[in-house]
Amino acid sequence: MHRGKGMKFVGDSRVPAVRKPNIPKDYSEYPGKTEAFWPNFLLKEWMVGSVFLIGFLCLTVAHPSPLERIADPTDTAYIPLPDWYFLFLYQLLKYSYASGPYTVVGAIVIPGLAFGALLLAPFLDRGPERRPWKRPVATGMMLLTLASMVYLTWEAVVTHDWKKAAEQGKIRAEVEIDKNAEGYKIAQANTCTSCHGENLSGGAAAPSLIGTGLKPEEIAKIAKEGKGGMPAGIFKGTDEELKKLAEFIAGLKEK
């Protein structure tokens, strides 16, 4: 028995009596509301992309990338700082419960729990409500996560030593150092390279030893008595070794 236009009752369900092919309507049926992907829409995308590309190139020319000196693996005093979107994790690893023997907690466990919660969010909160105050659990977790990330990022920024960071990243003139020279080997034996760097170009913990303008006698005095942040008694060699070290450092000049 047929009821309704083109419909047939089958039990308590209605199905079309005549199947029609699912053909999308032509653009002409929606004048002024739709447009062809090619070339209209794609041309607009290219124009917008070109504007952003030109703007980015202008920004790059006006403000070059803040490059630092070549990485020195022997500089143990280097203060690292990741990009801004990782600062909250960087700050998390400074706390005792997420660093040292518990690094796995700050590096894997806590980020893993956060990622797992985000992955399971559609399954944990399946309510139909869209208003935030109607979803207290999801809204509360979201606000707690956001507040934690903002706080940790802020703490990472305000506790970072920006003055030392600027000094350690400064590009300095380097000279070709003969690492087989006796003076350089004496510097290595007395841990000079651990603070002043493998190329003696300085870092966050110590100044550059290249082109100091000091006489060998002055350098020898500093090596024994210390100066500034360098304590006395670091040099443990003989007087002959001290003389060779001082002469070697005094001879390092910028080209």
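Which residues lie nearest the centre of the largest pocket? Here are some close-ups of this predicted model to go with that.

**View 1. The largest pocket and its lining residues.** Nearest the pocket's centre sit A114, F115, A117, M141 and T145. They belong to a lining of 24 residues. Three elements each hand two or more residues to that lining: α2 (87-92), α3 (103-124) and α4 (136-158). As for room inside, the largest pocket holds about 910 Å³ of space.

**View 2. A nonpolar patch on the surface.** Six side chains do the work here: F37, W38, F41, L43, W46 and M47. Together they make a nonpolar patch of about 730 Å².

**View 3. L43, picked out of the patch.** Zooming in on one member of that patch, we find L43 in helix α1, which covers residues 37-62. Is L43 buried or exposed? Neither, quite: its relative accessibility is 46%, and because that value falls between the 20% and 50% cut-offs, L43 counts as partly exposed.

**View 4. The protein chain, for orientation.** Pull back and you get nine helices plus two strands. Reading from the N terminus, the order is β-β-α-α-α-α-α-α-α-α-α, with both strands ahead of the helices. The protein chain has 255 residues, and 20% of them count as buried. Its accessible surface comes to about 19700 Å², with carbon and sulfur atoms accounting for 64% of that. On the contact side, take pairs of residues at least 6 apart in sequence: 56% of those contacts join residues at least 24 apart.

Notes
Residues numbered from 1 in each chain as written. Predicted model: local features only at pLDDT ≥ 70, side-chain atom pairs only at ≥ 80, totals over all residues. Heavy atoms only, no water. Patch = residues over 30% accessible without salt bridge, like charges linked within 9 Å, V, L, I, M, F, W, Y side chains within 5 Å. Areas by Shrake-Rupley, 256 points an atom, 1.4 Å probe, with all protein chains shown as cover. Salt bridge = Lys/Arg side-chain N within 4 Å of Asp/Glu carboxyl O. Helix = DSSP H or I, 4+ residues; strand = E, 2+ residues; numbered from the N terminus. Buried < 20%, exposed > 50% of the residue type's maximum accessible area, 1.4 Å probe, protein only. Contact = heavy atoms within 4.5 Å. 1 Å grid on protein atoms, 1.4 Å probe; cavity = no way out; pocket = protein on both sides within 12 Å on 5 of 7 lines; lining within 4 Å. Points joined across faces, edges and corners; volume = space filled by probe spheres on them.
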